[in-house]
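Please open the model in a viewer and keep the selection tool at hand. The stops below are meant to be taken in order.

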Amino acid sequence: MFFRKRMVEIYHDLLMEYICPGDTVVDATAGNGLDTEFLCRLVGPKGCVHAFDIQPEALENTRERLSQAGLLDQACLHLTSHDQMDVYVEGEIAGFCFNLGYLPSGNPAVITHSSTTIPAVKKCLEALKIGGVGCILAYWGHEGGRKEMENVDELLRTLPGKKFEVFRLENHNRANCPPVLYCLCRIR
Ligand SMILES: C[S@@+](CC[C@H](N)C(=O)[O-])C[C@H]1O[C@@H](n2cnc3c(N)ncnc32)[C@H](O)[C@@H]1O
């Protein structure tokens, strides 16, 4: 259930249900490594988390976090844009997550943009195995954020219903642009 939980906790709960030891997954926006660490724990030593970020500072924070947790071996950290994921990720993936916006306590001018977010989401969808899940959390209060969220919304809303099941969750009575969470499963 999602009451009294942060959006991140809600999608972590979902990922926990679907991601298994040994899986390959993608964290498209590594940031400070919160999601990467969580995914590393789910896939275990035989799995692999491909984590992407365009900011060296973000990947360093992620590396440090994983190193302290003893999880570095199950992660591949890529200092490149997530729309390049197909260059680095081979075969099917069991899950992916995007945490859109800017790096918490980082440079708020470096944000995710539709021009790379949309191709990256499409590539993740192409690689997603049947039964695999994806989560996209869109913060959209900053400049450009609304457009990006609308583009993600349009892409996911028009996915074929026979192949993907997509849910959209947001706090309906909270002010100040509450984040929107998209959760999807490839069903066929
Ligand atoms: C909201 S933060 C992610 C927070 C992260 N999930 C965490 O646990 O800390 C968004 C991140 O996306 C990164 N980013 C922006 N554009 C990107 C791109 N084209 N490819 C990969 N990462 C990108 C930013 O540098 C920033 O670190």
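The tour begins at the ligand and then visits individual residues along the chain. Please bear in mind throughout that the model is predicted.

**The ligand and its surroundings**

Select the ligand first, and display the residues around it. There are 23 residues in this shell, and the closest are Asn 32, Asp 53, Gln 55, Ser 81 and His 82. Colouring the shell by residue class gives ten nonpolar, eleven polar and two charged residues. Next, highlight helix α2 (34–43) and strand β4 (93–100), each of which supplies at least two residues of the shell.

Which polar side-chain atoms should be labelled beside an oxygen atom of the ligand? Select Asp 53, where a polar side-chain atom lies 2.6 Å from an oxygen atom of the ligand. Then select Gln 55, which places a polar side-chain atom 2.8 Å from an oxygen atom of the ligand. At Thr 29, display the backbone instead: a backbone N or O atom of this residue lies 3.1 Å from a nitrogen atom of the ligand. Of the 610 Å² that the ligand exposes when taken alone, the protein buries 96%. With the pocket surfaces switched on, the ligand is found in the largest pocket.

**Gln 74 and Cys 40**

Move now to Gln 74, in the loop between α3 (56–69) and β3 (75–78). Is this residue buried or exposed? Gln 74 has a relative accessibility of 8% and therefore counts as buried, the limit being under 20%. Show its side chain together with the backbone of Cys 40: a polar atom of the Gln 74 side chain lies 3.0 Å from the backbone oxygen of Cys 40.

**Two glutamates in helix α6**

Select helix α6 (residues 145–157), which contains Glu 150 and also Glu 148. Glu 148 counts as buried because its relative accessibility is 1%. Glu 150, by contrast, counts as partly exposed because its relative accessibility is 38%.

Distances may be drawn from both residues. From Glu 150 to Ser 114, 36 residues apart along the chain, the C-alpha separation is 9.3 Å. From Glu 148 to Leu 42, 106 residues apart along the chain, the C-alpha separation is 29 Å.

**Phe 164 in strand β6**

Proceed to strand β6 (residues 164–170) and select Phe 164. With a relative accessible area of 7%, Phe 164 is buried. A line drawn between the C-alpha atoms of Phe 164 and Arg 63 spans 33 Å, for a sequence separation of 101 residues.

**Two residues with positive phi**

The last stops concern backbone geometry. Most residues other than glycine have a negative phi.

Select Arg 4, in the segment before α1 (7–18). Its phi is near 65°, a positive value in a residue other than glycine. Arg 4 has a relative accessibility of 86% and so counts as exposed, a class that requires over 50%.

Finally, select Cys 177, in the loop between β6 and β7 (180–186). What is the sign of phi at Cys 177? Although Cys 177 is not a glycine, its phi is positive, at about 50°. The relative accessible area of Cys 177 is 31%, which means that this residue is partly exposed.

Key: Residues are numbered from 1 along each chain as its sequence is written. This is a predicted model: local features need pLDDT of at least 70, side-chain atom pairs count only at pLDDT 80 or more; totals for chains, interfaces and linings use all residues. Side-chain values use heavy atoms; hydrogens and water are left out. A residue is near a molecule or strand if one of its heavy atoms lies within 4 Å of it. A polar contact is a pair of N or O atoms within 3.5 Å; within protein, one must be able to donate a hydrogen and the other to accept it, and residues adjacent in sequence count only if both atoms are side-chain atoms. Accessible areas come from the Shrake-Rupley method with a 1.4 Å probe; for residues, only the protein chains shown count as cover. On a 1 Å grid over the protein atoms alone, a cavity is a set of points where a 1.4 Å probe fits but cannot get out, and a pocket is an open set with protein on both sides within 12 Å along at least five of seven lines; lining residues have an atom within 4 Å of a point. A molecule sits in a cavity or pocket if more than half of its atoms lie within 2 Å of its grid points. Helices (H or I, at least four residues) and strands (E, at least two) are DSSP runs, numbered from the N terminus. Ala, Val, Leu, Ile, Met, Phe, Trp, Tyr, Cys and Pro count as nonpolar, Asp, Glu, Lys and Arg as charged, and the others, Gly among them, as polar. Buried means under 20% relative accessible area, exposed over 50%, partly exposed in between (1.4 Å probe, protein chains only).
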